[in-house]
Structure formats: structure tokens, C-alpha cells
Amino acid sequence: MLAASLRPGPSLAAFPGTAQRSPVPFLPFPARLHHRPVLLSATAEGTGAPAGQGDASAAPLDEVRLPQFAADWESARACKDQGRIFSLPVLRANSGGLIVRFNSLQGFVPNPLLSPAHWCKDPKRPIQDVTKDLVGTSISVKVAEVNEEEKKLVFSEKDASWSTYSSRIKIGDIYDGIVGSVFHYGAFVHLRFPDGLYHLTGLVHISEVSWDLVQDVKDFLNEGDAVKVIVVNIDMTKSRIALSIRQLEEDPLLETLDKVIPLEADQSPNRMMSPSEVELLPGLDGICNELLQEDGITDVQFGRQALEKRVVSQDLELWISNVQAKDNRFTLLARAGRQVQEVYLTTSLDQEGIKKAVQRVLGRVP
């Protein structure tokens, strides 16, 4: 899955020590490694006394249970290799995530690896408050990392959700969503499934946020916003979903000219103007001359000019309108900033051929 779908928590706190531990080589854990699993057998069962205290003739409890610890580490590795999904009880929460029990071991579920379903119930609540409510419950997880030498056992609820729900989505599906983390490159959106829960997360890239010019994603989207998105790509190998907001909006590429350039009382939509009558957008004259060199294009004329309400691009762009072609004449829109200029193209090419011709010309013109 995509990382950081939930708000990143602060640095994770250490597991608090609960009892004195016997000097078995692999039992003491550095306090700074909060996500390292803690063995549950630190105290003698039934006595509350530290392991090794009580019956002087008895072997230390941790030493007796060493085979169990080793077996559970091996079980964790096997679960990871097999991609198993299983349910674990939540023992407690800290600022960075959840501590869960795996047989005789304790493991960690970092906040970013939790399912978005929890936070999306109330997006205004801090994630640390949300995780406190999970203590005493059980969550479905997969093993994300096993390192017995470093005593690190990490689980992912998000990976379990992907395995369960990714097969239910397809390209073209439309979802209601809630915006999670917002970055300079785009925004992560949690997807609402028919059961009312938000099981998966996808990325709306900055280029798919709006048809308007987007310089800062936070000008358009904020954490907790409700949005509607369409699935545009699914990468099952990398567990990634690409989403789009703008593709659910009217494409200005197909806008009619009457929406973009309202007619004045004395104007005709078919009136053509010579370059001497209009002040062409910088660079447009050169592009049109290059278009005339393309096979199948026989004439280029200019029409109306206007200012748009929004900025589509700071650079000069050519757009094909959805105005029906007549007598082999297609209508283009030249746009830069808020300025827009009609361009009439007489050609034997179809719409796809015009697009390719324009792309070739724009690739040649500096």
C-alpha cells in the first residue's frame, strides 16, 4: 500500500518495563526500541515474582520457556512468508501505535500501518485518541517485519485490508472518500466501501486534483475533506491505487466555445480574423506556421479572444474543443494564463491525427 495514509504520529515511545527480567541473553530489550516485541514471560506465572525467584530448586521460568519463544519467532517468520492474515489482541497503545500479543511475544502496529477505517469514523479526532479505543479489542493483521536478533516484530493491519479488499476494486470505479495526508505531490484518499467502512487508500496525484493549475495541493484539499474519486490505475504488485478527482469534473478540453467565450451581440461564432486584427498570444503565430507544414493541414485562421475566469496553464497550450467539425474545419483553443484564442484548422486529419500533429509541433517549437 501507499505509505502515510494516516496522519504520521510523533516518534514512538518505548515499551514501559513491567517487571525485572532474568539475565537470559536475548530477553533484555533497549527501551528506545519501542517497536521491539516484549516477551510475556518476564514474571513467574501465578506468583507475580520475577522469573527465577520462588522455588530455589526450580529453573528460571524464562529459561524453561526458551523453546516456546524460539517456536513463536519461527511461527512469525512462517506467517510472513505465507502472507497469513490472523487476529491479534490489542494490549495497549502509545503515541506511535498499538502493542499486540502474538503467542508469547509482543509486537507493534505503527499508526501508518493501521487500517484507515478507524480514523475515518471521526477524522477530527487525533489518531492517538483513536488507538486508545482499540485497546482490549482484536484486529486483523499480517506480519510486516520479523527480526529475532533485534527483537523486532511488526504487524500491518493495512496489508491485511489490502489482501482482503483489493480484489473488489477495478479501474473506473467511483468512490466516496475522505482525504488523509496531503503532500506537495498529491493527497491520499481513503475509500468508502459498501459496508460503510474505509478499507483502502489511494493517491490523487497533483496532476489529477483539478483541471485548474495546481501549484499547492493544500489550496484544493485538506485533511478530513469529503471527496468523490475515480480509480484510474491499480498496481497489485506494489499495492497502490491511483485516483483522480478532476476526471469526474467536466473536461475543459471538451468545453464548448460558448461556455468559454460568450458571444457579444454583434459577434458571430464563425467570424474569422486576420493576425493584424488580433494580438496573438506569444508564440502562437510560430506554432500555427509550423502546423501548416504538417501533412493534411491546409489552412489556419483565428477567431474570438477572451479572458477566462480560471487559469488552466501558465504556458501556451492548444486544446481541441467539442464543437462539431464542419467542412473539415476543426476548432482549437489556444490558452495561456487566463487568455484564450480561437484557432480554426482546416484539415483532412481526424481528431486523433490533429492531436499528434500538435504534439509534434509543440515538440519542435522552443
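## A walk from strand E1 to the aromatic rings

Start by selecting Pro-89, which stands opposite Ser-138 in strand E4. Before going further, keep in mind that this is a predicted model.

**Stop 1: strand E1 and its neighbours.** Widen the selection to residues 86–94, which make up strand E1, and add residues 138–147, which make up strand E4. The two strands pair in the antiparallel sense, and four bridges hold the pairing.

Now add residues 97–102, and strand E2 comes into view. E2 also runs antiparallel to E1, and four bridges join them. To see one of these contacts, pick Arg-92 and look across to Ile-99 in E2, its bridge partner. Follow the chain from E1 into E2 and you trace a hairpin, with two residues between the strands.

**Stop 2: two rings meeting.** Next come the aromatic side chains; the structure holds eight aromatic pairs. Show Phe-86 and Phe-155: their ring centres are 6.1 Å apart and their planes stand at 90 degrees, so this pair is edge-to-face. Where does each ring of this pair come from? Phe-86 belongs to strand E1, while Phe-155 belongs to strand E5 (residues 152–156), and the two are 69 residues apart along the chain.

Are these two rings buried or exposed? Phe-86 has a relative accessible area of 11% and counts as buried. Phe-155 is buried too, with a value of 0%.

**Stop 3: a third ring.** Keep Phe-155 on screen and add Phe-102. These two form a tilted aromatic pair, with 5.8 Å from centre to centre and 45 degrees between the planes. Phe-102 sits in strand E2 and Phe-155 in strand E5, so the pair ties together parts of the chain that are 53 residues apart in sequence. Phe-102 is buried as well, at a relative accessible area of 5%.

Select the three together: Phe-86, Phe-102 and Phe-155 form one aromatic cluster. With the strands still displayed, you can see Phe-86 coming from E1, Phe-102 from E2 and Phe-155 from E5.

**Stop 4: charges over rings.** For the last stop, move on to Tyr-344 and show Arg-329 with it. Arg-329 lies over the face of Tyr-344, at 4.1 Å from the ring centre. Then select Trp-319 and Arg-335. Which part of Arg-335 sits over the ring of Trp-319? It is the charged end of Arg-335, placed 5.0 Å from the centre of that ring.

How values were computed:
Residues numbered from 1 in each chain as written. Predicted model: local features only at pLDDT ≥ 70, side-chain atom pairs only at ≥ 80, totals over all residues. Heavy atoms only, no water. Pairing = 2+ DSSP bridges. Phe/Tyr/Trp six-rings, centres within 6.5 Å; stacked < 30°, edge-to-face > 60°. Buried < 20%, exposed > 50% of the residue type's maximum accessible area, 1.4 Å probe, protein only. Lys NZ or Arg CZ within 6 Å of the ring centre and 35° of its normal.
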